[in-house]
Amino acid sequence: KDVDVETFESINQLYAKDKNHVYSNGSPIEAVYHNGNIIIGADLTTFEVIDDTYTKDSQHVYYKNKAIKGADPASFEIISRKGYAKDKAGAYFLGEPIMGADAETFQLFEKSDDYAKDKNYVYYRGKAIK
């Protein structure tokens with residue numbers, strides 16, 4: 001009911017959306033959930049699945065069902081399959097900000113998803129090695 005054919009699009013195997021609703025398994029949903037937990041404040045009309053754990057809408061980036069404070073949806077990108085991500089303002093590991101990380105120079109080491117670096121530090125799983 002009320003499916004807008006013109007704006008309907010598949011997000012992934014489980015989710016789809018149109019200008020009116022987000023759908024899960026073919027049925028409209030009133031909220032967005034991750035593993036049965038509601039993603040509070042998610043905008044249904046701009047909601048996007050980035051991967052299995054990161055999602056975003058026009059205002060927020062989410063890790064599982066929690067908003068990442070200060071994350072920028074427009075510039076947010078996942079840089080490893082082990083949980084590293086970054087945006088124009090910072091870097092994140094498993095949805096948590098990496099304190100002191102320089103977003104502009106933050107990168108993974110070529111042969112590891114666990115180690116990263118920026119102009120100031122080397123990081124192991126999101127923690128600076130000092």
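# A guided tour of sheet, charges and rings

Select Phe 106 to begin: at 2% relative accessibility, this residue counts as buried. The model on display is a predicted one, and the tour will return to Phe 106 among the aromatic residues.

**First stop: the four-stranded sheet**

Display the backbone and select β7, β8, β9 and β10, which follow one another in that order in an open sheet with antiparallel pairing. Residues 48-49 make up β7 and residues 66-67 make up β10; each of these edge strands has a single partner strand, so one side of each lacks a neighbour in the sheet. Sheet strands in general are held in pairs by hydrogen bonds of the backbone. Next, select residues 54-56, strand β8, which pairs with β7 in the antiparallel sense over two bridges. At this pairing, Val 49 can be found opposite Thr 55 of β8.

**Second stop: the salt bridges**

Now show the charged side chains; the count of salt bridges comes to three. Select Asp 113 and Arg 81, whose closest N and O atoms are 3.1 Å apart in a salt bridge. Asp 113 belongs to the loop between β15 and β16, and Arg 81 to the loop between β11 and β12, so this pair ties together parts that are 32 residues apart in sequence. Is each partner buried or exposed? Asp 113 counts as buried, at 17% relative accessibility, whereas Arg 81 is exposed, at 77%.

Move on to Lys 82 and Asp 114, which form a salt bridge with an N to O distance of 3.6 Å. Lys 82 is in the loop between β11 and β12 and Asp 114 in the loop between β15 and β16, so here too the pair ties together parts 32 residues apart in sequence. Lys 82 is partly exposed at 40% relative accessibility, while Asp 114 is buried at 15%.

Keep Asp 114 selected and add Arg 125: these side chains meet in a salt bridge at 3.3 Å, N to O. Arg 125 lies in the loop between β17 (122-124) and β18 (127-129), so its pairing with Asp 114 ties together parts that are 11 residues apart in sequence. Arg 125 counts as partly exposed, with 40% relative accessibility. Through shared partners, salt bridges join Lys 82, Asp 114 and Arg 125 into one network.

**Third stop: a buried aspartate without a salt bridge**

Select Asp 102, in the loop between β14 (96-97) and β15. Which side chain of opposite charge is nearest to Asp 102? That side chain is Lys 119, at 4.2 Å; a salt bridge requires a distance within 4 Å, so buried Asp 102 has none. Beyond its neighbours within four places in sequence, Asp 102 is in contact with Asp 118, Lys 119 and Asn 120.

**Final stop: the aromatic rings**

Display the rings of the aromatic residues; the structure holds eight aromatic pairs. In one of them, Tyr 54 and Phe 76 have ring centres 5.3 Å apart and planes at 50 degrees, so the pair is tilted. Tyr 54 is part of strand β8 and Phe 76 of the loop between β10 and β11, so the two tie together parts that are 22 residues apart in sequence. Tyr 54 is buried at 1% relative accessibility, as is Phe 76 at 8%.

Return to Phe 106 and add Tyr 123: their ring centres are 5.5 Å apart and their planes stand at 50 degrees, so this pair is tilted. Phe 106 lies in the loop between β14 and β15 and Tyr 123 in strand β17, so the pair ties together parts 17 residues apart in sequence. Tyr 123 is buried, with a relative accessible area of 0%. To finish, select Tyr 84, Phe 93 and Tyr 121 as well; together with Phe 106 and Tyr 123 they form one aromatic cluster.

How values were computed. Residues are numbered from 1 along each chain as its sequence is written. This is a predicted model: local features need pLDDT of at least 70, side-chain atom pairs count only at pLDDT 80 or more; totals for chains, interfaces and linings use all residues. Side-chain values use heavy atoms; hydrogens and water are left out. Two strands pair if DSSP finds at least two bridges between them. Buried means under 20% relative accessible area, exposed over 50%, partly exposed in between (1.4 Å probe, protein chains only). Lys and Arg count as positive and Asp and Glu as negative; His and the chain ends are not counted. Contact means heavy atoms within 4.5 Å. Rings of Phe, Tyr and Trp (its six-membered ring) pair if their centres lie within 6.5 Å; planes under 30 degrees apart count as stacked, over 60 as edge-to-face and the rest as tilted.
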